[in-house]
Structure formats: C-alpha cells, structure tokens
Amino acid sequence: PPGKELPAHRTAGAAAGGILSLAMSAIFLPQNPDKDTKEDRYSQMSPAFSSCELVVVEGDSQADDPKIEVWRAAVNTPPIAQGDSSILAIVTDDDSHGVGVPAFARSDVSALAAWIQSGFLV
C-alpha cells in the first residue's frame with residue numbers, strides 16, 4: 001500500500017522488492033508494459049515454480065494456455081468459453097451456460113480437482 005516501504009523503494013528506483021516472513025515470501029518485479037512481453041513475465045516467474053507439476057494462474061485470460069473459466073449468470077455476460085477454444089472447462093452454478101465443455105459446480109472442488117489431475121498431471 002502507498003506509504004509503506006516497498007512503494008517508496010520502487011519510486012526510488014529499486015530493481016525489485018520483496019517481502020520475507022517465516023510463513024511466506026514474495027518478490028515484486030516491476031514490469032514495463034511497453035517493452036516486456038507476456039513471455040518475459042512468465043519466464044521471470046518460472047524458476048519459482050520449477051518443482052511444481054501444475055501452476056494455476058488467475059486472471060490471464062489472454063493467454064493461449066489451457067484455461068478454466070469461472071462464470072456466473074448474474075454477471076449478465078455470456079461465458080468467454082463460447083468463443084475461446086482454449087477454455088477446457090467451466091465452473092458455474094448455473095446450467096444455462098450453453099458451452100460444450102465439462103462443467104463443474106462451484107461447490108464440487110473435488111470433482112474439478114480430479115478432472116484436472118486426470119487430464120494434466122501424468
């Protein structure tokens with residue numbers, strides 16, 4: 001948040017910032033939206049996930065990688081999966097989604113996890 005050390009360090013020109021605690025650590029790397037590509041951003045992060053079998057990224061809907069959409073009819077927009085073939089499943093509590101991909105209830109995390117494990121973790 002503004003007024004804390006990390007934003008002050010970034011304003012002063014720090015190349016990166018971080019938070020270390022006994023329970024968790026984080027590194028904040030500034031990005032140049034005019035120069036850095038999505039691949040640059042992912043390659044900066046990949047060493048941190050090198051031992052992972054599966055990495056879930058929230059929010060990068062423009063990625064070409066396989067995706068799972070969380071959709072709610074109350075938002076009053078059609079599911080993105082209707083026009084995006086990289087979306088392989090949808091999580092929703094509304095049966096009106098009209099998308100021809102596997103659908104999972106928001107409350108059925110076990111079924112979604114089993115589907116992910118059967119299709120992505122070999």
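# Notebook: pockets, core and a few residues

I began with the largest pocket, where helix H2 (38–45), strand S3 (67–70), strand S4 and helix H3 each give at least two residues to the lining. A reminder to myself: this is a predicted model.

**Entry 1, the largest pocket.** I looked up how much space it holds, and the volume came out at about 1300 Å³. Its lining has 38 residues, and Val55, Val56, Val57, Glu58 and Pro66 are the ones nearest the centre. I then sorted the lining by class and noted 23 nonpolar, 6 polar and 9 charged residues.

**Entry 2, the second largest pocket.** Here I wrote down a volume of about 170 Å³. The lining is made of Ser25, Ala26, Ile27, Leu29, Gln44, Met45, Pro47, Ala48 and Phe49. Which elements supply at least two residues each to this lining? I found strand S2 (25–28) and H2. The largest share, 3 residues, comes from S2. By class I noted 7 nonpolar and 2 polar residues, with no charged residues.

**Entry 3, the core.** Next I went looking for the largest nonpolar core. It holds 5 residues: Ala89, Val91, Phe104, Leu112 and Ile116. Strand S4 (87–91) and helix H3 (109–120) are the elements that give two or more residues to this core. I jotted a general remark beside it: in soluble globular proteins, nonpolar side chains tend to be buried together. I picked Leu112 for a second look and set aside its neighbours within four places in sequence; its contacts are then Ile68, Val91 and Phe104. Val91 and Phe104 are on the list of core residues too.

**Entry 4, Ile90.** I stayed with strand S4, where Ile90 lies. Is Ile90 buried or exposed? Its relative accessible area is 0%, so I wrote "buried". I listed what Ile90 touches, not counting residues up to four places away in sequence: Glu69, Trp71, Pro79, His97, Val101, Pro102, Ala103 and Phe104. I also checked a distance to another part of the chain. Ala16 is 74 residues from Ile90 along the chain, and the C-alpha atoms of the two are separated by 36 Å.

**Entry 5, Thr92.** I moved on to the loop between S4 and strand S5 (103–104), where I found Thr92. Buried or exposed: which word fits Thr92? Thr92 counts as buried because its relative accessibility is 6%, and the cut-off for buried is under 20%. I followed its side chain and saw that it reaches the backbone nitrogen of Asp94 at 3.1 Å. What does Thr92 touch, once residues up to four places away in sequence are not counted? My list reads Trp71, His97, Phe104, Ala105 and Arg106. Trp71, His97 and Phe104 were also on my list for Ile90.

**Entry 6, the loop between S3 and S4.** I looked up two residues here, starting with Asn76, whose place is in this loop. Its phi is near 65°, a positive value in a residue other than glycine. Asn76 has 69% relative accessibility, so I put it down as exposed. For that word the cut-off is over 50%.

My other pick, Ser85, lies in the loop between S3 and S4 as well. Ser85 counts as exposed because its relative accessibility is 73%. I checked Ser85 against Val101, which is 16 residues away along the chain, and noted 9.5 Å between their C-alpha atoms. I had already met Val101 among the residues that Ile90 touches.

**Entry 7, Gly59.** I finished in the loop between H2 and S3, where Gly59 lies. Is Gly59 buried or exposed? With a relative accessible area of 70%, Gly59 is exposed. The C-alpha atoms of Gly59 and Ala14 are separated by 26 Å, and the two residues are 45 apart along the chain.

**Looking back.** I now have Ile90 and Thr92 down as buried. I have Asn76, Ser85 and Gly59 down as exposed. S4 turned up in two entries, as a contributor to the largest pocket's lining and to the largest nonpolar core. H3 is named in both places too, for the lining and for the core.

Methods
Residues numbered from 1 in each chain as written. Predicted model: local features only at pLDDT ≥ 70, side-chain atom pairs only at ≥ 80, totals over all residues. Heavy atoms only, no water. Core = buried A, V, L, I, M, F, W, Y, C linked by side-chain atoms within 4.5 Å. Buried < 20%, exposed > 50% of the residue type's maximum accessible area, 1.4 Å probe, protein only. Contact = heavy atoms within 4.5 Å. Polar contact = N/O pair within 3.5 Å; in protein donor to acceptor, adjacent residues only side chain to side chain. 1 Å grid on protein atoms, 1.4 Å probe; cavity = no way out; pocket = protein on both sides within 12 Å on 5 of 7 lines; lining within 4 Å. Points joined across faces, edges and corners; volume = space filled by probe spheres on them. Nonpolar A, V, L, I, M, F, W, Y, C, P; charged D, E, K, R; others polar.
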